Amino acid sequence: YRVHIQEMCTDVRLNSLYHETPIFRWHQVGEWEVFLGSSSPMTMEIPTLAPAIFQCYVKKVCCDDEFTLCYRTTPMYQTLASVSRTDTPFGWGQLIWLRCLAPFMDVSVGGQYERSEIAASAPGQIGLKDPTRTNVVAFWKIGAK
């Protein structure tokens, strides 16, 4: 998916600019992938799209490339992953993804992931507007009015 995010205010002059998220895909609640692609340098830092994570790993397309991950948190409570190739001092050519799990995901026997059931709170309001052939604006309100 490609998602454009904009904070909208009562006074439209204070609206933020649109921000594009990295390319990502959701698998299930608490499990997603962020696209890294190929890289010339042997290390790449990428947002995990979550304030906290249980675990991430590199999902390779092929080859015997070996990677390691380090994490850091920004002052804006975003977790970043630093992906480094460890088998050679160069980058990688394959198109890789970073698969991440939310903190409530537990590893079960056999390497499969069990999903903890956490009910999401319902949004106070949700809607779509300004549809075109390729886009639509989604908006919602959560929490206090």
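Here are five short exercises with worked solutions on this predicted model.

**Exercise 1. Find out how far the prediction can be trusted, and which elements it contains.**

Let's start with confidence. The protein has an average pLDDT of 80, and 83% of the residues score at least 70. Next, look for a weak spot: over residues 113-118 the pLDDT is below 50, although this stretch has 16 contacts in the model beyond near neighbours in sequence. Where pLDDT is low, the predicted coordinates should not be read in detail. Now for the elements: the protein has zero helices and 13 strands. Finally, consider burial and contacts. Of the 145 residues, 28% are buried. Among contacts between residues at least 6 apart in sequence, 53% join residues at least 24 apart.

**Exercise 2. Work out the strand order of the open sheet that contains S9, and say which strands stand at its edges.**

Begin with the order, which is S3-S4-S9-S6, with antiparallel pairing. Strand S3 (24-28) and strand S6 (55-59) each have a single partner strand, so they stand at the edges and one side of each has no neighbour in the sheet. As for the twist, neighbouring strands here are turned by 25° against each other on average, direction ignored. To zoom in on one pairing, take S6 and S9: five bridges join them in the antiparallel sense. Tyr57 stands opposite Arg99 in S9.

**Exercise 3. Classify the aromatic pairs Phe24–Trp26 and Phe67–Trp92 by their geometry.**

A pair of aromatic rings is described by the distance of the centres and the angle of the planes. The model holds four aromatic pairs. For Phe24 and Trp26, the centres are 5.4 Å apart and the planes make 75°. An angle over 60 degrees counts as edge-to-face, so this pair is edge-to-face. For Phe67 and Trp92 the values are 5.1 Å and 85°, again edge-to-face. Phe67 lies in strand S7 (residues 67-73) and Trp92 in strand S9 (residues 92-101), so this pair ties together parts 25 residues apart in sequence.

Now check the surroundings. Being under 20% is what counts as buried. Phe24 has a relative accessible area of 7% and is therefore buried. Phe67, at 19%, is buried too, and so is Trp92 at 3%. To finish, note that Phe24, Trp26 and Trp32 form one aromatic cluster. Another ring, that of Trp97, has the charged end of Arg25 over it, 3.6 Å from the ring centre.

**Exercise 4. Separate the covered from the uncovered face of strand S5, then find the strand that pairs with S5.**

In a regular strand the side chains alternate between the two faces of the sheet. Applied to S5 (residues 43-47), Met44 and Ile46 make up the covered face, while Thr43, Glu45 and Pro47 make up the uncovered one. For the pairing, S5 and strand S8 (residues 79-85) run antiparallel and are joined by five bridges. One of the residues on the uncovered face, Thr43, has Ser84 in S8 as its bridge partner.

**Exercise 5. Place Cys63 and Asp130, two non-glycine residues with a positive phi, and decide for each whether it is exposed or partly exposed.**

Take Cys63 first: its phi is about 70°. Cys63 sits in the loop between S6 and S7. With a relative accessible area of 47%, Cys63 is partly exposed.

Then turn to Asp130, where phi is about 55°. Asp130 belongs to the loop between strand S12 (125-129) and strand S13 (137-141). Its relative accessibility is 54%, so Asp130 counts as exposed.

Methods: Residues numbered from 1 in each chain as written. Heavy atoms only, no water. Phe/Tyr/Trp six-rings, centres within 6.5 Å; stacked < 30°, edge-to-face > 60°. Buried < 20%, exposed > 50% of the residue type's maximum accessible area, 1.4 Å probe, protein only. Helix = DSSP H or I, 4+ residues; strand = E, 2+ residues; numbered from the N terminus. Lys NZ or Arg CZ within 6 Å of the ring centre and 35° of its normal. Pairing = 2+ DSSP bridges. Axes fitted to C-alpha atoms, helices over the stretch in contact; angles between N-to-C directions. pLDDT = per-residue confidence, 0-100. Contact = heavy atoms within 4.5 Å.
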